[in-house]
Each structure stands twice: as structure tokens, then as C-alpha cells.
Amino acid sequence: MARFEDVWVLNAGGNGFNFIGFHTSCHMSRSWASSCAGIGWAINGMVYSSFNSCGSDSNLYGYTLSNTRGITFNGCGTEDNQRDGWAVITSDASTTGLTVAVHDVHGLVLNGCYGFLNGVA
């Protein structure tokens with residue numbers, strides 16, 4: 001479980017936020033990753049969590065999502081990322097170490113989210 005509020009990752013040499021492995025009941029609010037060399041928000045294996053008013057700008061990718069269950073994004077955005085702003089990935093390669101119950105993507109909600117100028121670098 002985790003709760004992040006008003007967190008800013010700037011100029012990370014890799015990913016901004018790296019949620020790799022099983023994570024549950026996380027709440028992210030008004031947090032963003034910008035100008036990171038890797039992915040702004042790398043999310044793999046997360047369940048029952050929410051993101052509110054978060055952003056991902058000027059990274060390699062904005063958000064990458066794989067093996068998630070019951071994740072909601074409210075009013076989140078991506079701008080000016082080199083590749084996709086929102087990348088939803090389904091692959092057996094990303095399931096290593098995860099329980100079968102969280103394989104694949106189910107219950108993903110993007111509510112009032114926005115992307116602008118992604119993939120044009």
C-alpha cells in the first residue's frame with residue numbers, strides 16, 4: 001500500500017515512478033514525472049489503485065500499464081512524451097514473479113484523461 005501526494009520526479013536517469021511487482025491499494029494524487037530518460041510511470045502488477053490529477057510530460061513514454069486489475073485514472077494527462085502517452089501492454093514476458101490472478105489488464109478506467117503532442121519527437 002502507498003499514498004503519494006504532491007510528488008514530482010524531474011530529470012530521472014531512468015523511469016520516474018517504477019511500480020514493478022505486486023502492488024495493491026495505492027493512491028496517487030497531484031504527482032507527476034517530467035523530463036525522465038525512461039518511462040514517466042512504469043506500472044506492472046498493480047491492483048485496486050487510483051491516480052488523481054497526475055501527469056507525465058516530456059519522458060520516453062508517459063504511462064506504461066501491464067498486468068493491472070481495477071486501476072482508475074481521474075483527470076490525468078500526458079504531454080510531449082517521445083513515444084506513446086498511454087501504452088497498455090499485454091505480454092507474457094512482463095508476468096515474471098506475478099501471481100496468475102493479476103496477469104493481463106482488466107478493469108482499467110481512464111476518466112477525463114488527456115494526451116497532447118505524444119509520439120511526435
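# Questions on a predicted model

Colleague: What makes strand 7 (residues 55-57) and strand 10 (residues 77-79) a pair?

Modeller: The two strands run parallel and are joined by 3 bridges. Pairing asks for at least two bridges, so strand 7 and strand 10 count as a pair. One point of register is Gly 55, which stands opposite Gly 77 in strand 10. Note that the model is predicted.

Colleague: Which sheet do strand 7 and strand 10 belong to?

Modeller: An open sheet of 5 strands, in the order 2-5-7-10-13, with parallel pairing. From one strand to the next the twist averages 5°.

Colleague: Why are strand 2 (8-10) and strand 13 said to stand at the edges?

Modeller: Strand 2 and strand 13 each have a single partner strand, so one side of each lacks a neighbour in the sheet.

Colleague: Which strands pair with strand 6 (residues 39-52), and what supports each pairing?

Modeller: Strand 3 (residues 17-24) pairs with strand 6 in the parallel sense over 6 bridges, and there Phe 19 has Ile 43 of strand 6 as its bridge partner. Strand 4 (residues 26-29) runs parallel to strand 6 and is joined to it by 3 bridges, with Met 28 opposite Phe 51. Strand 8 (residues 61-66) is also parallel to strand 6, through 5 bridges; Trp 41 has Tyr 63 in strand 8 as its bridge partner. Strand 9 (residues 68-74) pairs with strand 6 over 5 bridges, again in the parallel sense. Phe 51 has Phe 73 as its partner in strand 9. The cut-off is at least two bridges, so the counts of 6, 3, 5 and 5 qualify.

Colleague: What makes you call strand 6 mostly covered?

Modeller: Of its 14 residues, 12 are buried. Buried here stands for under 20% relative accessible area.

Colleague: Where is Asn 67, and is Asn 67 buried or exposed?

Modeller: Asn 67 lies in the loop between strand 8 and strand 9. Its relative accessibility is 2%, and the limit is under 20%, so Asn 67 is buried.

Colleague: What is noted about the backbone of Asn 67 and of Leu 117?

Modeller: Asn 67 is not a glycine, yet its phi is positive, about 55°. Leu 117 also has a positive phi of about 55° without being a glycine. Leu 117 is placed in the segment after strand 13.

Colleague: Why does Leu 117 qualify for a nonpolar surface patch?

Modeller: Patch residues need over 30% relative accessible area. Leu 117 has 45%, which makes it partly exposed, and so it passes that limit. Phe 116, found in strand 13 (residues 114-116), is partly exposed at 40%, so Phe 116 passes as well. Together with Tyr 114 and Val 120, Phe 116 and Leu 117 make a patch of about 400 Å².

Colleague: How many disulfides does a search of the whole structure find?

Modeller: The search finds 0. For Cys 76, the nearest cysteine sulfur is that of Cys 54, 4.7 Å away. A disulfide needs the sulfur atoms within 2.5 Å, so Cys 76 is in no disulfide. The nearest cysteine sulfur to that of Cys 113 is on Cys 76, at 4.9 Å; set against 2.5 Å, Cys 113 is in no disulfide either.

Colleague: Are Cys 76 and Cys 113 buried or exposed?

Modeller: Cys 76 is buried, at 1% relative accessible area. Cys 113 has 24% and is partly exposed.

Colleague: What makes the contact of Glu 5 and Arg 3 a salt bridge?

Modeller: The N to O distance between their side chains is 2.7 Å. The limit is within 4 Å, so the contact counts as a salt bridge. Glu 5 is partly exposed at 38%, whereas Arg 3 is exposed at 57%.

Colleague: How many salt bridges does the structure hold, and which residue pairs with Arg 30?

Modeller: The structure holds 2. Arg 30 pairs with Asp 6, with the closest N and O atoms 2.7 Å apart. This pair links distant parts of the chain, 24 residues apart: Arg 30 is in the loop between strand 4 and strand 5 (32-34), and Asp 6 in the loop between strand 1 (2-5) and strand 2. Arg 30 has 43% relative accessibility and Asp 6 has 47%. Partly exposed covers values between 20% and 50%, so Arg 30 and Asp 6 are partly exposed.

Conventions
Residues are numbered from 1 along each chain as its sequence is written. This is a predicted model: local features need pLDDT of at least 70, side-chain atom pairs count only at pLDDT 80 or more; totals for chains, interfaces and linings use all residues. Side-chain values use heavy atoms; hydrogens and water are left out. Patches are made of residues with over 30% relative accessible area and no salt bridge: like charges are joined within 9 Å, nonpolar side chains (Val, Leu, Ile, Met, Phe, Trp, Tyr) within 5 Å. Accessible areas come from the Shrake-Rupley method with a 1.4 Å probe; for residues, only the protein chains shown count as cover. Helices (H or I, at least four residues) and strands (E, at least two) are DSSP runs, numbered from the N terminus. Buried means under 20% relative accessible area, exposed over 50%, partly exposed in between (1.4 Å probe, protein chains only). Axes are lines fitted to C-alpha atoms, for helices over the stretch in contact, and angles run from 0 to 180 degrees between N-to-C directions.
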